[in-house]
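Welcome, and please open your viewer. This tour goes from place to place, telling you what to select next and what you will find there.

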Amino acid sequence: MTEHRSERAQVLLTIDCGNSTFDLRLCDVDGVPIRRERQVDLDLARFVGDRTPFVVASSVRSDRWAIVERELEGKGWPVRIAGVDFACPLQLAYPNPKELGTDRWIGALAAVRRHGDAVVIDCGTAVTWNVVRRDGVFLGGAIGLGLRSQIRSMRERAPELPDIEDAVLEAAELPRLPAVTTLDSLVLGIHRAFVHSLVGLRAELQVKAGLAAVTTVVTGGDAWLVLGGGGADLLGPRVVVESELIHDGLADLGRRSLGRIEFGRNGVHPE
């Protein structure tokens, strides 16, 4: 793809190309957000308008990234891809860093800058737990099924049970325990089991990492589902929701490329 001089860029366009959606954000070259949108069918021209963006992207699926490449081809926008044009500025405990999804270290980079020692829980199609130490070391984590993935798996495996997806997505609050209907039992069982798995594995990772205290940073498209219905109380007091964590990390990489910021030792730098 042909690149033009980055000085032409008027805005930063960050693209988080996930398993199910294209998550887009525009911000100015100083990192101030302008707009954000999650798209199922990619439409960059409408989203960007007549601006000239500097594009920084991360992708977890090569087939979906091919759609982005087709959209970008011929536009003459400068493009940088995490993991290709940007190496991870964190120190990685992974023996083979190429195995690590770029979305995981990008979120960890943004989290450690703001919070120091942290466990990032990214709730999407998959859920990931990512442990990062304040000195800029990414220690690893775990990967599991996301909340919606669990709901849809149950629907496929047990089609005669009530469909609970709408009940979970649309509920103002969860049913009370103990539940006294099959639908309420399913909603509570799926939601509570999922949140307890987040809490339990977060605590185990913290102990194994030897960290006395961590900030739990919850992000991803389904973060609001997890934290609703008392989920935030189960996760404890040192919990923050950073709905644009991946975009913040991508924007940092873009601003670095444009000479707006510099990373310090081990990739960690102050705000």
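A pocket here is an open set of grid points with protein on both sides within 12 Å along at least five of seven lines, and its volume is the space filled by probe spheres set on those points. Keep in mind throughout that this is a predicted model.

**Stop 1: the whole chain**

Begin with the protein chain in cartoon view. You should find 9 helices and 11 strands. Turn the C-alpha trace along its principal axes, and the span is about 65 × 45 × 30 Å. The radius of gyration is 20 Å, which agrees with the value near 18 Å for a compact globule, because that is what 271 residues would give.

Now switch on the surface. The protein chain exposes about 13200 Å², with carbon and sulfur atoms supplying 48% of that area. Of the 271 residues, 46% count as buried. Among contacts between residues at least 6 apart in sequence, 60% join residues at least 24 apart.

**Stop 2: the largest pocket**

Next, select G18, N19, G124, T125 and A126. Of the 30 residues that line the largest pocket, these lie nearest its centre. The elements giving two or more residues to this lining are β3 (33-39), α3 (102-115), β8 (126-133), α4 (147-157) and α9 (245-257). How much space lies in the largest pocket? About 810 Å³.

Colour the lining by residue class, and you will have 5 nonpolar, 14 polar and 11 charged residues. Which element supplies the largest share of the lining? That is α4, with 3 residues.

**Stop 3: helix α4**

Stay with α4 and show its side chains. L147, S149 and I151 are buried in this helix. To see what surrounds them, select β9 (137-145), α5, α6 and α7 (223-227), since the buried residues of α4 pack against these elements.

**Stop 4: a cis peptide bond**

From there, move to the loop between α5 (165-170) and α6 (182-209), where P178 lies. Zoom in on the peptide bond from L177 to P178: is it cis or trans? This bond is cis, with omega near -10 degrees. For context, most peptide bonds are trans.

**Stop 5: the second largest pocket**

Now select A82, G83, F86, A87, C88, L92, P97, K98, L100, T102 and W105, which line the second largest pocket. About 180 Å³ of space lies in this pocket. Its lining has 8 nonpolar, 2 polar and 1 charged residues.

**Stop 6: the cavity**

For the last stop, look inside the protein. The structure holds 1 cavity of 30 Å³ or more, and the largest cavity has a volume of about 30 Å³. Select D103, R104, G107, V120, D122, T128, N130 and I246 to display the residues that line the cavity.

Three elements are worth colouring here: α3, β7 (118-123) and β8 each supply at least two residues of the lining. Which of them gives the most? α3 does, with 3 residues. By class, the cavity lining has 2 nonpolar, 3 polar and 3 charged residues.

To finish, show α3 and β8 together. Both are among the elements that give two or more residues to the lining of the largest pocket, and both also supply at least two residues of the lining of the largest cavity.

Note on methods:
Residues are numbered from 1 along each chain as its sequence is written. This is a predicted model: local features need pLDDT of at least 70, side-chain atom pairs count only at pLDDT 80 or more; totals for chains, interfaces and linings use all residues. Side-chain values use heavy atoms; hydrogens and water are left out. Helices (H or I, at least four residues) and strands (E, at least two) are DSSP runs, numbered from the N terminus. On a 1 Å grid over the protein atoms alone, a cavity is a set of points where a 1.4 Å probe fits but cannot get out, and a pocket is an open set with protein on both sides within 12 Å along at least five of seven lines; lining residues have an atom within 4 Å of a point. Ala, Val, Leu, Ile, Met, Phe, Trp, Tyr, Cys and Pro count as nonpolar, Asp, Glu, Lys and Arg as charged, and the others, Gly among them, as polar. The radius of gyration is taken over C-alpha atoms; the globule rule is 2.2 Å times the number of residues to the power 0.38. Buried means under 20% relative accessible area, exposed over 50%, partly exposed in between (1.4 Å probe, protein chains only). Contact means heavy atoms within 4.5 Å. Accessible areas come from the Shrake-Rupley method with a 1.4 Å probe; for residues, only the protein chains shown count as cover.
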